[in-house]
Amino acid sequence: MKFFKRFCLMGFLILPIFFSIGIPPANADSFNYSLSNSGTVNVTKSSYTVHGFNTVTASLYLYSGPSKVIRFSVVGTPPGVSGSSNPAFCVPGCSTTIQFDVSPTASVGTFPIQVMGEPMDGGIIRVTIFNLVISDSPSSFRYGLSNSGPIYVTKSPSYAVTGSNTITATLITGSPQPIYFSLSGIPSGVSLNESAGCGSGPSCSVTLRASVQPTATAGIYPITVSSGTTATTFNLVISNPNQSPTANAGIDLEVHIFSSYVSPIGASESDDGYVRSREWTQISGPTVSTIANRNSLTPTFSNLMYVGTYVFRLTVTDNTGLTGSDEMSVVTKDFDQSPRGSLSVSPTSCVIASGASTCSTVYAIWTTIGATNFKLVDGNTGTVLSTSPTYPWGLQVWVAYPSTVFYLNSGDTILDTKTATATCAAGSAWNGNKCVTNQAPSGSLSIAPTSCVIASGASTCSTVYATWSTANTTDPKLVDGNTGTTLSTSANQSSPGLQVWVAYPQTVFNLKNGGSMLDTKTATATCAAGSSWDGSSCVSANSAPIANAGADRAITLPTNSVIVSGASASDSDGTISARLWTRTSGPSVPTITDSTTLTPTFSGLIAGTYVFRLTVTDNGGLTGLDEMSVVVSPIPTTLSIVVSPSVYSVTLPNNTISAIYTLTNGTSANTNCRLLDNTGAPLTEYAPCTGSMSVSAPITASGGTYGYSIRANKSSTGETVASNSFTVTVNPSDSVLYAILDTIDSGQSTTLMWNFSGAASCEFVGTPANGISTSGATSGSVSTGVLTETQNYQIICTDADGNTFAPALVTVIVLQPSATISANPSRVQSGTDSTISWSSHNMDSCSISGPGLTASTSLSGSQAVTILSQSTYTITCQAIGFPSVTQSVIVNILPLFQEF
């Protein structure tokens, strides 16, 4: 109550003279206003806290100058009563509500209450007074509460939406009187009219209304409404707004123009409800394509016959009617620029009617690319059937007996060829010119080759093929004459023919029509060299198989397993029927996994030499074997470190390399490393070994080569070992001016270096701090001396003929002592936290102040503080020899608005 104290100093008491409105004093910045109140506030004590209200209005009388924000405070509340204004800040012309919390211990009576208004940035303070009347609560007073159901609200991304619920209070005992409600369980981001109250009838009701911010979390929240010892609960149901569905048309594709069709890859959909429908449409392209299964995520796009880009759109609709879409493209490319074409005939066969010489139920479809002089040619007659470059609709063609070859040509170049066959209608046969009826069945059979060789262990050979043709047949069939088995019922068999099996010593093949023989051929079979017929198959003398256990292996513990590779098994006259690995010797009995394969695993090995044997068995029962050894060395115990590569090179201004090393029998957990110079003197302290070490070589204008090594120390055993030597060559810069450190703190210095090949003389120009001279030298280095501000240095060189080189410039940035302080967030609701963060650069000491801060002297840090009112936080830092630096940040209170 600092406002009240300003008027109570020296024993003076505030009097209600502040109601008067006068001419503002000269120092009030021509700003004046007054306060008015809306009357007496009556509250009744009870066994619980009740609320009374009074509205105080700040009215603006602005003579000149800008309006100001007024802060309100309440003075004069008796013991057991607390008062607060909402909002606590207001621009004149608005109003604030004064709310009182009255406990059962408060005294009964009439109490004058003062409300003060003070401009935030200083100025005229105004006061208004009204009476707070506190009465005892009557006895036997009790209400029952009921509610009408939940509040349903949906978040919106741009504004708050509301839902309402009616709470009814019914008088159970006692006399009617005002009743007030309090609420609990309200989630973050939601506000309800908590101070709701209603009249003094036998029953009353109040409608609770929720304001939901977009930051609120969706869910179901039980809200408890209390009035004294009576309470009721309802659910506040917060829903997210319906989102449009998301469509993903998949990745863009690239295909050849002759691809028959293409389907999207990776198409998908999602929604916060469910997707009701989906549809694919073509947006653009060189032709209109065909879309199959357009209402699924896996359609097919066909008829993509021209080079270009086809764009397809996927549109999905959710259960509420919202839509989402995405597009993908199919780029059709002509990957081959030579003339090309594609021809198809459908169907590939037709039936010649009796009395006719051709059939015409076959249609040709073709496309060509890059060709000229297009033509479709009847290969039997040489007749040009069409000169169209493409014909996607199908051209009717005539097929002669027994077949017609169709050629798609570009000039004399054949682009594609297809064959259609023609057969005579049932009951007719070809007489050489046309199909005629009442012809006797006929047929011709051919076997090629007429002999074959039966492999050892087999009973037949199958390198013989049969071809045949028949005419006027009703029951054509090819029959194995040895067994009587029907091999085919086809009337015709063209080349390469039907594969047939030939038994020893020969098989007769019969071409029949029903029981009538049309033609017969014989094929002979002999046993392979080195084998003979034993009555059921060709057999030969069995040879033992060959086993190869692979190369010997060597491992070092802790590795204790080996997977065999390179093993093999073969049998020259049969097959391998079994494989088995066994241990023949070794220091222990290891585990053999997959012991019947050529890639077993030997595990559980200990130090020593093992011998393993591979035994293979062929289909005749003979075996072959081979052995391999595995030498297992114990875990190494000697610490070692090797730097590789051992030669490094840099060019100024860079002088730092990363030396890469390998550590044996040591890790970063138990071994430390340090850098040594070429004399063995340490250059760094020990640090955990990580596999590389940063090395900075000396900088001179002429460069140089420097030797180093790395020493490793194993802490668990005390072993210490140095690496091999390695060198770092620093190459001089080529015609350049630079600073070793181009950014320094105020009060520090750096070194300037220069080197200009081909120059005869160089000099600094301008007026840099501390006056630097090269004395004409074309390379060298010089200190800048202590710098307190950012400085530019420029050097100009000339050659022996007096020609001037391009000037070289370098800037040395000098950082001044600085300090920063920030608040996150900088606007909060009263009673919530903000994090105060501060830092400084090149400062010797700092002090930090502000409400709730416990840290006061640290150079940097952060602390969360609870903000009750507008608060200012300040950092003041001092660097020796520099003026002090002060920075501040203000945390403001967000205004809260009450519905009533």
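This passage describes the fold, cores, strand pairing, backbone features and aromatic contacts of a predicted protein model.

The secondary structure of the predicted protein comes to one helix and 80 strands. Of its 900 residues, 36% are buried, and the accessible surface is about 44,600 Å², with 52% of that area belonging to carbon and sulfur atoms. When contacts between residues at least 6 apart in sequence are considered, 60% join residues that are at least 24 apart.

In soluble globular proteins, nonpolar side chains tend to be buried together. In the present model, the largest nonpolar core has 23 residues, and the members that touch the most others are Ile 710, Phe 726 and Val 728. At least two residues of this core are supplied by each of strand E58 (640–643), strand E59 (647–651), strand E60 (656–664), strand E61 (671–677), strand E63 (692–696), strand E64 (704–714) and strand E66 (726–731). Apart from this core lies another, of 21 residues, which includes Ile 151, Leu 183, Ala 216 and Ile 223. The surroundings of Phe 726 illustrate how the largest core draws on separate stretches of sequence: beyond its neighbours within four places, Phe 726 is in contact with Val 643, Ser 646, Tyr 648, Ala 659, Leu 675, Val 695, Tyr 706, Gly 707, Tyr 708, Ser 709 and Ile 710.

Strand E64, one of the contributors to the largest core, also takes part in several strand pairings. It runs antiparallel to E61, to which it is joined by seven bridges, and in this pairing Asn 672 stands opposite Asn 713 in E64. With E66, strand E64 pairs in the antiparallel sense over five bridges, and here Thr 705 stands opposite Thr 729 in E66. A further antiparallel pairing, over four bridges, links E64 to strand E65 (residues 719–722), with Ala 712 opposite Val 721 in E65. The hairpin formed by E64 and E65 has four residues between the strands, and within this hairpin Gly 718 takes a positive phi near 80°.

Positive phi values also occur at residues that are not glycine. Asp 594 has a positive phi of about 60° and is found in the loop between strand E54 (591–593) and strand E55 (601–603); because its relative accessible area is 45%, Asp 594 is classed as partly exposed. Asn 665 likewise has a positive phi of about 60°, and its place is in the loop between E60 and E61, two of the strands that contribute to the largest core. With a relative accessible area of 23%, Asn 665 is also partly exposed.

Cis peptide bonds are a further feature of the backbone. The bond from Ser 495 to Pro 496 is cis, with omega near 10°, and Pro 496 lies within strand E44 (residues 493–503). The bond from Leu 557 to Pro 558 is cis as well, with omega near 20°, but Pro 558 lies in the loop between strand E50 (553–556) and strand E51 (561–563).

Among the side chains, the count of aromatic pairs comes to eleven. In one of these, the rings of Trp 280 and Phe 301 have their centres 5.7 Å apart and their planes at 65°, so the pair is edge-to-face. This pair links distant parts of the chain, since Trp 280 belongs to strand E24 (residues 275–284) and Phe 301 to strand E26 (residues 300–302), 21 residues apart, and both Trp 280 and Phe 301 are buried. Tyr 401 and Trp 430, by contrast, form a stacked pair, 4.7 Å centre to centre and with 20° between the planes. This second pair also connects distant parts of the chain, with Tyr 401 in the loop between strand E34 (391–400) and strand E35 (403–410) and Trp 430 in strand E37 (residues 428–430), 29 residues apart. Tyr 401 is partly exposed at 26% relative accessibility, and Trp 430 is partly exposed at 24%.

Two further arrangements involve aromatic residues. Trp 581, Phe 602, Tyr 610 and Phe 612 form one aromatic cluster, while the charged end of Arg 674 sits over the ring of Tyr 686, 4.5 Å from its centre.

How values were computed. Residues are numbered from 1 along each chain as its sequence is written. This is a predicted model: local features need pLDDT of at least 70, side-chain atom pairs count only at pLDDT 80 or more; totals for chains, interfaces and linings use all residues. Side-chain values use heavy atoms; hydrogens and water are left out. A nonpolar core is a set of buried Ala, Val, Leu, Ile, Met, Phe, Trp, Tyr and Cys residues joined through side-chain atoms within 4.5 Å. Buried means under 20% relative accessible area, exposed over 50%, partly exposed in between (1.4 Å probe, protein chains only). Contact means heavy atoms within 4.5 Å. Two strands pair if DSSP finds at least two bridges between them. Accessible areas come from the Shrake-Rupley method with a 1.4 Å probe; for residues, only the protein chains shown count as cover. Rings of Phe, Tyr and Trp (its six-membered ring) pair if their centres lie within 6.5 Å; planes under 30 degrees apart count as stacked, over 60 as edge-to-face and the rest as tilted. A charge sits over a ring if NZ of Lys or CZ of Arg is within 6 Å of the ring centre and within 35 degrees of the ring normal.
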